[in-house]
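Q: Please take one part of this model and look at it closely. Then place it in its surroundings, in one connected account.

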Amino acid sequence: MVEVRKLGLDGVCEIWPAKIEDARGFFSETWNAEKLAHAGVAVEFVQDNQSFSRARGVMRGLHYQTPPFAQDKLVRVLRGAIFDVAVDIRKGSPSFGKWIGLTLSDRDWNQILVPKGFAHGFVTLEPDTEVVYKVSAPYSQPHDRSIRFDDPDIGIDWPVAVAEMVLSAKDAAAPRLNEVETGFVYA
Ligand SMILES: Cc1cn([C@H]2C[C@H](O)[C@@H](COP(=O)(O)OP(=O)(O)O[C@H]3O[C@@H](C)C(=O)[C@@H](O)[C@H]3O)O2)c(=O)[nH]c1=O
């Protein structure tokens with residue numbers, strides 16, 4: 001059993017895989033292609049990623065890869081908690097620049113699917129947070145892009161103060177959405 005809830009932006013959804021607990025601990029199918037396809041989420045993944053963030057307030061994002069290396073991402077938390085965000089960056093989309101955010105945690109055992117055409121980012125809510133995610137296209141450094149996490153045109157309501165955040169040099173220097181050609185056009 002897998003539960004899927006649409007999150008109000010084209011194709012972005014929250015997913016809860018079943019967690020079967022017993023005296024030893026638990027078992028969970030964290031991704032099952034067939035069950036998810038039945039639930040309306042048909043994606044083929046080619047790479048698994050994992051990141052570890054030492055502190056609360058580590059901000060990674062907003063990121064995307066341009067076509068033909070655009071990625072669908074299925075994100076979950078192994079340990080700790082994050083506030084995870086998807087932003088519609090498809091030119092001409094009725095929801096262009098709109099964002100959706102939700103908390104993912106090891107306790108909630110929830111996942112978010114961020115489709116191609118959306119920028120993705122998260123901030124850690126706890127120290128020692130581990131995030132794993134599947135992607136549908138391989139990493140390509142020349143296609144890798146960032147948009148400012150605090151772009152005022154997007155206006156994400158991050159639950160961590162900016163003064164508390166830790167960013168990579170790349171993310172600290174990222175352009176605003178209206179300064180870039182994302183390569184995605186709404187169809
Ligand atoms: C994303 C990625 C990075 N790298 C390398 C590049 C760099 O040397 C090092 C760290 O990369 P970054 O600083 O881009 O890592 P990070 O900031 O964690 O980037 C990630 O952020 C989240 C929000 C996403 O959505 C991911 O797709 C990815 O962009 O790892 C790979 O080798 N393969 C990959 O797939």
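A: Trp-109 counts as partly exposed, because 17 C-beta neighbours lie inside 10 Å, while a buried residue would need 20 or more and an exposed one 12 or fewer. The model is predicted, and what follows about this residue and its setting is computed from that model. Trp-109 sits in the loop between E9 and strand E10 (111-114). Its phi is near 55 degrees, a positive value in a residue other than glycine. Most residues other than glycine have a negative phi, and most peptide bonds are trans.

Asp-128 shows a positive phi too, of about 55 degrees, although it is not a glycine. Asp-128 also belongs to a loop, the one between E11 and strand E12 (129-135). Its surroundings hold 12 other C-beta atoms within 10 Å, which means that Asp-128 is exposed.

The peptide bonds have their own exceptions. Gly-61 and Leu-62 are joined by a cis peptide bond, with omega at about 0 degrees. Leu-62 has its place in strand E6. Another cis bond runs from Pro-67 to Pro-68, and there omega is near 5 degrees. Pro-68 lies in the loop between E6 and strand E7 (73-79).

On the other side of E9 from the Trp-109 loop is the loop that links strand E8 (81-88) to strand E9 (99-105), and this loop holds Ser-93. Ser-93 and Trp-109 are 16 residues apart along the chain, and their C-alpha atoms are separated by 31 Å. Ser-93 is partly exposed, because it has 18 C-beta neighbours inside 10 Å. Leaving out residues up to four places away in sequence, Ser-93 touches Asp-88 and Tyr-186.

The strands on either side of the Ser-93 loop, E8 and E9, run antiparallel and are joined by seven bridges. Within this pair, Phe-83 stands opposite Thr-103 in E9. Both strands belong to an open sheet of five strands, in the order E9-E8-E11-E6-E13, with antiparallel pairing. Its edge strands, each pairing on one side only, are E9 and strand E13 (144-146). From one strand to the next, the twist averages 25 degrees.

Next comes the ligand. The residues around the ligand are Asn-49, Ser-51, Arg-60, Gly-61, His-63, Lys-73, His-120, Gly-121, Phe-122, Tyr-139 and Ser-168. Strand E5 (47-53), strand E6 (59-65) and strand E11 (118-124) are the elements that give two or more residues to this shell. Sorted by class, the shell has two nonpolar, seven polar and two charged residues. Gly-61, listed among the residues around the ligand, is also one partner in the cis bond to Leu-62.

As for the whole protein chain, its secondary structure comes to two helices and 13 strands. Its C-alpha atoms fill a box of roughly 55 × 40 × 30 Å along the principal axes. The radius of gyration is 16 Å, which agrees with the value near 16 Å that a compact globule of 187 residues would have. Of the 187 residues, 34% count as buried. Among contacts with a separation of 6 or more, 82% are between residues 24 or more positions apart.

Definitions and conventions. Residues numbered from 1 in each chain as written. Predicted model: local features only at pLDDT ≥ 70, side-chain atom pairs only at ≥ 80, totals over all residues. Near = placed C-beta within 6 Å. Helix = DSSP H or I, 4+ residues; strand = E, 2+ residues; numbered from the N terminus. Nonpolar A, V, L, I, M, F, W, Y, C, P; charged D, E, K, R; others polar. Rg over C-alpha atoms; globule rule 2.2 N^0.38 Å. Contact = placed C-beta atoms within 7 Å. Pairing = 2+ DSSP bridges. Axes fitted to C-alpha atoms, helices over the stretch in contact; angles between N-to-C directions.
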